[in-house]
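Pull up the model and rotate it until you have your bearings. We'll take a walk through it, starting with the strands and ending with the charged pairs.

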Amino acid sequence: MKKLLSWGIASLMFVSATLAKEPADWVNPFIGTTNFGTTNPGAVTPNGLMSVAPFNVMGSDINRYDKDSRWWSTPYDNTNSYLTGFSHVNLSGVGCPELSSLLVMATTDNLNVDYHDYGTSYSNEHATPGLYGLTLDKYGITAEATATCRTGRIRFTFPAGKGNILLNLGEGLTNESGATVRRISETEVAGCKLMGTFCYNPQAVFPLYFAMRVNKAPQKQGFWKFQRPKKGVEAEWDVDDAKYKIYPDFGKTMSGDDIGVWYTYDTSAGETIEVSVGVSFVSEENALLNLNAEQPGGMTFEGIYADARRKWNDNLRRITVEGGTDEQKTVFYTALYHTLIHPNILQDVNGQYPAMESNRILTVPDGQNRYTVFSLWDTYRNLHQLMTLVYPERQLDMVRTMVDMSKEWGWLPKWELFGHETFTMEGDPAIPVIVDTWRKGLTDFDIDAAYAAMKKSATTSGKDNPMRPDIDPYIEKGYIPLGFFAADNSGDNSVSHALEYYVADNALAWLAEQHGDTDFAKELQRRATGWKNYYSAQSGTLRPINANGSFLSPFNPRQGEDFEPVPGFHEGSAWNYTFYVPHDIDGLAKIMGGKHKFINKLQMVFDEGLYDPANEPDIAYPYLFSRFKGEEWRTDKLVSELLSRHFTTQPDGLPGNDDTGTMSAWAVFSMLGLYPDIPGVPEYALTTPTFDKAIVNLGSHTLEINKVKDSGKPRIILDGKPITRRISHSDLIKASDLKFHIHEQQIN
């Protein structure tokens, strides 16, 4: 608290300190900022388009950091210490580098626009939802950042002397280069930065439009442009040979791969200069419109932060928890915070947004939001189920967005990014999300259009099917043999692809039946059992199949650990995928030789360290035990152990990429005591909750989840009636009281 008081927001912090803690006070934005968690502590509002993050992944040595490596798919890592600015519009928890550009930096003394030189170590770092701050050690400048939905504000407090504000349009995490900037006035510029090729899809390229305003006219200003030595295109060059050409008082337009804008001031001690940035994916004019609308004249830094904090508290307090430790509350609320970063609102304040895979500009209906950043291979497993339960109005707009995307370009999204499909990962994940949402009673969207798009992707031949390019053998044989390569250049992932299709087709079968498409429903049900083709009694796992129908041999079920490439599986071994048949666990147990052999084999996965808590295919494994009477205790034990081991209050307190909130959603559900373990099916598995009490606001009423000490037999009581370890969504949302009677020795 003493740190925050020094940042010019003393009145806000004093009120927070003297009252009971609010939900935002339990959030630690530094959780997940190393250990490949790829979250960042920057300022953002719930599902906001704008985020302002510290950018510390480019060091003083040009060869020190490589943004194309897995580690640097984030603008910030807690183990680094060299800051080169504040980036605008960032991804959270992803595994491919993208965005994190429009770098704003402050320096002192003579103008230096070489980021290898002007970067600095930093100290006094702190963050809370909607606010980030630090001290730039080299310059004695304090910096704070906050945000609205579509804009950011950075406040720099300078020492006496000469001060500089820099806008670097050359650096960032995007795989694209090139920008244009034009001067509007002595305090404003606007332009466009090229983004895209996320996960190296060459077609997923898009412009980010921006407008930047400083709140004080400078003594001097201009542009700069980076110039490489005039050598052969392939020739090696040294950074020391590079030149930055300065263009003082240049009042027109500048374009290039590495360009920037600078302002120079004569500052007195303690003088503040504030930089505001608005963004749009439609036009420069809309970026400026967003900036003017969300930061009107007279809007102070404190006012912006106070509004951001209010929004976070309003969102986070939809679930309140009691009991548990301070550490557990911090883990829980930080996880809930992370689930509310993506997807992001896309439309501008005038309602305009870029249509999916098109140059058209459309307008969202009044009262609705258009969303973007759909990492669906990750989020279809739990994050959208969390939205449906706790934030249903948001989930409904997200589903409307997906359906509208299918109308705009013909297909539902897989991994969409700012109006472009990146084709990252596998499956047809929008199907279980939409079916799950409909089955849970959120039906105010065009289900006929959704069904038409689903059926199209489930029946169109592979040569004309960008979503399921390997569908032909899947339909003909019931499986996909080796020899088909993924659209995201990740390799031959035949088993992984097929397993995802089985889950999607199982969900779609229900909807087909509801539409009276009986024959198609039966065909989908048949397809959904095709996973049995992959089961090898010899290896005891699912196993890739050669083109001639034989199993791959030789075969090591453990190959693929630690993201080692392996035929048939994507980012995992056979053990990470063998139990991923969530819709047919009874069938899997039967083919493995019955309940006891199934339980022993699944337990072996955990005992021998074959379970990967950092990747999606096996994250529901702990809940599979609860499907079998008498084995539920294993679920309770494992979930508690995994939460304790992999979700902590430290910067490495996530097990790996948060995957736009998916890992955090696992923690939120697990700590509440329920988990949506079958995508597309409106049910939850139950386990011992972490907290003595959790109150979930369901809109019309609240659901109270209690953990009760009891000397008798463990049992679960719903509104006074005993239930099993599974509960339907309809029963859950009608209930007011869910009690877990736990033997005293089982209390966490």
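In β16, which residue is the bridge partner of lysine 220? It's threonine 264. Keep in mind as you look that this is a predicted model. That pairing belongs to a ladder in which strand β13 (residues 220–227) and strand β16 (residues 259–267) run antiparallel, joined by six bridges. Zoom out a little and you'll see where the two strands sit: they are part of an open sheet of eight strands, ordered β1-β2-β3-β4-β9-β16-β13-β14, with antiparallel pairing. At the edges are β1 and β14 (243–248), each of which pairs on one side only.

Now for the cysteines. The structure contains one disulfide, made by cysteine 96 and cysteine 199, with 1.8 Å between their sulfur atoms. The link between cysteine 96 and cysteine 199 is right-handed, with 90 degrees about the S-S bond. What does it tie together? Cysteine 96 sits in the loop between β3 (85–88) and β4 (101–108), while cysteine 199 sits in the loop between β11 (188–196) and β12 (205–214), so the bond connects parts that are 103 residues apart in sequence. Cysteine 96 is buried at 13% relative accessible area, and cysteine 199 is buried too, at 13%.

Why is cysteine 149 not in a bond? Its sulfur is 20 Å from the closest cysteine sulfur, the one in cysteine 192, and that is too far. Cysteine 192 is likewise in no disulfide, with the sulfur of cysteine 149 as its nearest, 20 Å away. Cysteine 149 is buried, with a relative accessible area of 12%.

Next, the nonpolar interior. The largest core has 144 residues, and the members touching the most others are Phe332, Ile434, Phe579 and Phe598. The element that gives the most to this core is α13, with 12 residues. If you click on isoleucine 434 and ignore its neighbours within four places in sequence, you'll find it in contact with Val399, Met402, Val403, Leu412, Phe445, Ala450 and Met454. There's also a second, separate core of 74 residues, which includes Trp72, Leu102, Ala106 and Ile165.

That helix, α13, deserves a look of its own. It covers residues 494–514, and its 21 residues reach 30 Å from first C-alpha to last, close to the 30 Å expected at 1.5 Å a residue. Most of α13 is covered, with 17 of its 21 residues buried. Just after the helix, glycine 516 takes a positive phi of about 75 degrees.

Right there you can pick up the charged pairs. Aspartate 517 forms a salt bridge with lysine 455, and their closest N and O atoms are 2.7 Å apart. Aspartate 517 is in the loop between α13 and α14 (518–527) and lysine 455 is in helix α11 (residues 447–459), so far as sequence goes 62 residues apart. Are the two partners buried or exposed? Aspartate 517 is buried, with a relative accessible area of 18%, whereas lysine 455 counts as partly exposed at 29%.

Across the whole structure, a search finds 40 salt bridges. Another one pairs glutamate 393 with arginine 318, with 3.0 Å between the closest N and O atoms. Glutamate 393 lies in helix α9 (residues 392–409) and arginine 318 in the loop between α5 and β18, so this bridge ties together parts that are 75 residues apart in sequence. Both ends count as partly exposed: glutamate 393 at 39% relative accessibility and arginine 318 at 23%.

Glutamate 22 forms a salt bridge with arginine 317, and here the closest N and O atoms are 3.9 Å apart. This pair links distant parts of the chain, 295 residues apart: glutamate 22 is in the loop between α2 (10–18) and β1 (43–44), and arginine 317 is in the loop between α5 (301–316) and β18 (319–322). Glutamate 22 is partly exposed, with a relative accessible area of 28%, and arginine 317 is partly exposed as well, at 37%. To finish, trace the network that salt bridges with shared partners build from Glu22, Asp25, Asp307, Arg309, Arg310, Lys311, Asp314 and Arg317.

Notes: Residues are numbered from 1 along each chain as its sequence is written. This is a predicted model: local features need pLDDT of at least 70, side-chain atom pairs count only at pLDDT 80 or more; totals for chains, interfaces and linings use all residues. Side-chain values use heavy atoms; hydrogens and water are left out. Helices (H or I, at least four residues) and strands (E, at least two) are DSSP runs, numbered from the N terminus. The expected span of a helix is 1.5 Å times one less than its number of residues. Buried means under 20% relative accessible area, exposed over 50%, partly exposed in between (1.4 Å probe, protein chains only). A disulfide is a pair of cysteine sulfur atoms within 2.5 Å. A nonpolar core is a set of buried Ala, Val, Leu, Ile, Met, Phe, Trp, Tyr and Cys residues joined through side-chain atoms within 4.5 Å. Contact means heavy atoms within 4.5 Å. A salt bridge is a side-chain nitrogen of Lys or Arg within 4 Å of a carboxyl oxygen of Asp or Glu. Two strands pair if DSSP finds at least two bridges between them.
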